[in-house]
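Me: Please take me through this model one feature at a time, giving the general idea before the particular case.

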Amino acid sequence: MLSSSCSDALKVGGEGMMRRNSTLVCVPIMAESVGEMVTDMGKAKGLGADVVEIRLDYLKTFNHNEDLKRLVKECPLPTLFSYRPKWEGGQYDGDEQNRLDALRLAMDLGADYVDVELQVAREFISSIEGKKPERLKVIVSSYNFEETPSVESIGNLVAAMQATGADIVKIATTCLDITDVARTFQIAVHSQVPSGCEELAHVGKVPLIGLGLGERGLISRILSAKFGGYLTYGMLEPGTVSAPSQPTIKDLIHLYNFRQIGPYTKVFGVISKPVSHSKSPKLYNEVFKSVGFDGVYAHLLVDDIQKFFQTYSSMDFAGFSVGIPHKEAALMCCDEVDPVAKSIGAINCIIRRPADGKLFGFNTDYVGAISAIEEGLKGSHNNSGKNTTSGSALAGRLFVVIGAGGASKALAYGAKQRGARLVIANRTYDRARELADIVGGDALSLDDLPNIRPEDGMILANTTSIGMQPKVDDTPISKHALRSYSLVFDAIYTPRVTRLLREAAECGVTVVSGLEMFIGQAYEQFEKFTGLPAPKELFRKVMENHS
C-alpha cells in the first residue's frame, strides 16, 4: 500500500522554485548510425532533455574508438551510455568482453554515466577500480519482463545492486496491474529517507530510477518527480520507443508539466479501460497550469477499481474521473455518494475529502450531456416545441438511449427528470429491461431498434463505446434508421465526429458531439477537484486546440 507515511517523507523545500523537482529527463537515442544519433541529440536538447541515453546496441556499424569519440564530443548534453544485450531486452548479440570494453572506453572518453546490468556489474565495477573519473556515475540496472515482485523482493534486489558498488540503481519491472507501480514508489521514497518499512530495513540510501513497463506503468514515468526518482525517460518522438508505454519528452514536459511536479503536487486522473483515448489529461493539466494549481492529471488504466483505491490510499491521490467500465463499480468504493449519483446508480467523479481522506462520489455526466442536448434542440430545425411546464425542450419527447451501463443510467436519469419518455436499447435485452425498469421506460434489443415506430421529435443518444477510436468504422445503428430522429447525440468524443454523427448529419438530423458533454461535466469536476471556479472559456479553448 502506498500510504501517507511514504509521501510525508518527501515533504522538503523547493515548492517556490520554478522547477519543483531535481528528477532528470532522459531521452533514449536509438538511431542506426552515429550521424543520426548526433542529429537526434540536438533535437533532444531543443526539446528540453537533461540527459541523453546513447543506445550503442542500436548502431548497425560501430567503430569503438572513432564513434565514441564523436558521440561524446558532439553531444550537447550529458551522456549516458548503454550497450544492452539481448538477454536483457536489448539488440546486442555479440562477444560480452567486447561489449564491456566499449563501455569502459566511453568512460575514458568522457561519458557522464554508463549503464551496466546487474549480472555483470561486479565484474565491470571491479575492472574500473582506481580508473573511474570522479564525474562518472555507474548505473546498475535490472529488468523484469514478467512481473513486478513484492516490496520485500524488490528491496532485496536493490540491496544486492547497491552491494556491487553502484552509484545509481535502476529497476524496471512489468506492471500487470497499475497497483504494481506503488511498490516502485515505496522503494523510491525509502531510498531517499528510510521510511521505517520493515521489509526495506536493509536497503540503504541510494539514488533510484524506478520504471514500470507497459501502459499500466505509465504513472511511474510521470510521478517519479513527485516520489524522488533520480531520472525518468521520454522518447524523442512517437514511434521511437525503447520501453513499452514510454511518453514523449514533449508530453512529459508540456502535457504533464513535469518540471512543476513536486512532493506536494496532488495527483488526479481518469480511471478507465481502455483509457489512452481520453483527452482529460490535456484539458486538466493545461488548465491546472494556467490557474497555478499544483496538480497533475494522468491516464490510469485500471482493471480492478477496488484494488486501486485500497492501494493508492494516501491524500496525495486527490481526485478521479471515472470512465467505462467502472462507473457502477466505483460507487461501491465510495464512503459517501451524492444523492443524485445514488439515484442514478453510477458515478463519474470521485474526490478524496481533505478533512478526513474519505472518498466522495458524484455524477456530473447527466448535467453535461442533457445540457448539450437541450442546447442542440434550441437550434434544431426539427424542434417540435414540446416544452411543457418543466421548461425543458426534452419534455414529452421519446428519448432512446443506446446502452445500459453507467453513462446510460446517467443520461436516462437526466432525460426522465426533464420529462422525456424513455426507451433503452442494448445488445443484451435483459440489461436493457433492467435499466428500463429502474428509470421507468421501455426496453428493446439493439437489433430491434431500427423497427421502432417513428414519431416527431425523437432523440437518439449513444452511450456505448461503439465507434470509438480505434474502431471508427463501427456504428450502433444503420444510416437508414437515423432518418426518424430529430437529434442524435454520441457520448464518444474520440473521434469528435463519429460515423454515427456523420451519417445522421447526412440525413439532415441535428447532431451533438460527446465533446460538448465532456466539457460540460468537466466544469463541475474541476471545481470539485480544486475548489476554484471553472474557467469555462479556457476549457473550451483548450479542447478546440486539441480536437
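Reply: Two strands count as paired if DSSP finds at least two bridges between them, while strands (E, at least two residues) and helices (H or I, at least four) are DSSP runs numbered from the N terminus. This is a predicted model, in which local features need pLDDT of at least 70 and side-chain atom pairs count only at pLDDT 80 or more, although totals for chains, interfaces and linings use all residues. Residues are numbered from 1 along each chain as its sequence is written, and side-chain values use heavy atoms, with hydrogens and water left out.

Me: With that in hand, which residue of β14 does Arg 352 stand opposite?

Reply: Arg 352 stands opposite Leu 359, and four bridges join β13 to strand β14 (residues 359–362), the two running antiparallel. Together β13 and β14 make a hairpin with six residues between them, and in its turn Gly 357 has a positive phi of about 75 degrees. Strand β13 also runs antiparallel to β11 (residues 317–322), to which three bridges join it; there Gly 319 has Ile 351 of β13 as its bridge partner.

Me: Which way do the side chains of β13 point, and are they buried or exposed?

Reply: In a regular strand, side chains alternate between the two faces of the sheet. In β13 (residues 349–352), Cys 349 and Ile 351 point one way and Ile 350 and Arg 352 the other, and all of them are buried, that is, under 20% relative accessible area, where over 50% would be exposed and values in between partly exposed (1.4 Å probe, protein chains only).

Me: What is the strand order in the open sheet of six strands?

Reply: The order is β17-β16-β15-β18-β19-β20, with parallel pairing. At the edges lie β17 (442–445) and β20 (510–512), each of which pairs on one side only. Neighbouring strands of this sheet are turned by 20 degrees against each other on average, direction ignored, where axes are lines fitted to C-alpha atoms (for helices over the stretch in contact) and angles run from 0 to 180 degrees between N-to-C directions. Three bridges join β19 (residues 487–490) to β20, and one bridge partnership is that of Phe 489 with Val 512 in β20.

Me: Which strands does helix α14 touch as it packs on the sheet?

Reply: Contact here means heavy atoms within 4.5 Å. Helix α14 (residues 406–417) touches β15 (398–402), β16 (421–426), β18 (459–462) and β19, and its direction makes about 170 degrees with that of β15. Helix α16 (residues 499–506) lies across β18, β19 and β20, running at about 165 degrees to β19.

Me: How should I read the empty space, and how many cavities of 30 Å³ or more does a search of the whole structure find?

Reply: Rolling a probe the size of a water molecule over the atoms shows where empty space is left. On a 1 Å grid over the protein atoms alone, a cavity is a set of points where a 1.4 Å probe fits but cannot get out, a pocket is an open set with protein on both sides within 12 Å along at least five of seven lines, and lining residues have an atom within 4 Å of a point. Grid points are joined across faces, edges and corners, and a volume is the space filled by probe spheres set on them.

The search finds two such cavities. The largest cavity holds about 470 Å³ and is lined by 29 residues, with His 277, Gly 323, Lys 327, Ala 491 and Tyr 493 nearest its centre. Helix α17 gives the largest share of that lining, five residues, and the lining divides into 13 nonpolar, 14 polar and two charged residues. Here Ala, Val, Leu, Ile, Met, Phe, Trp, Tyr, Cys and Pro count as nonpolar, Asp, Glu, Lys and Arg as charged, and the others, Gly among them, as polar. The second largest cavity holds about 50 Å³, and its lining has five nonpolar, six polar and no charged residues; α7 (180–192) and β7 (208–213) each supply at least two of the lining residues.

Me: What volume does the largest pocket have, and which residues lie nearest its centre?

Reply: The volume of the largest pocket is about 530 Å³. Of its 27 lining residues, Ile 324, Thr 463, Thr 464, Ser 465 and Ile 466 lie nearest the centre. Helix α14, already met on the sheet, supplies the largest share of this lining, three residues, and by class the lining has 10 nonpolar, 11 polar and six charged residues.

Me: Finally, which residues is Lys 45 in contact with, leaving aside its neighbours within four places in sequence?

Reply: Lys 45, in helix α2 (residues 34–46), is in contact with Pro 76 and Leu 77. Lys 45 and Pro 76 are 31 residues apart in sequence and 6.9 Å apart in space, C-alpha to C-alpha. With a relative accessible area of 45%, Lys 45 is partly exposed.
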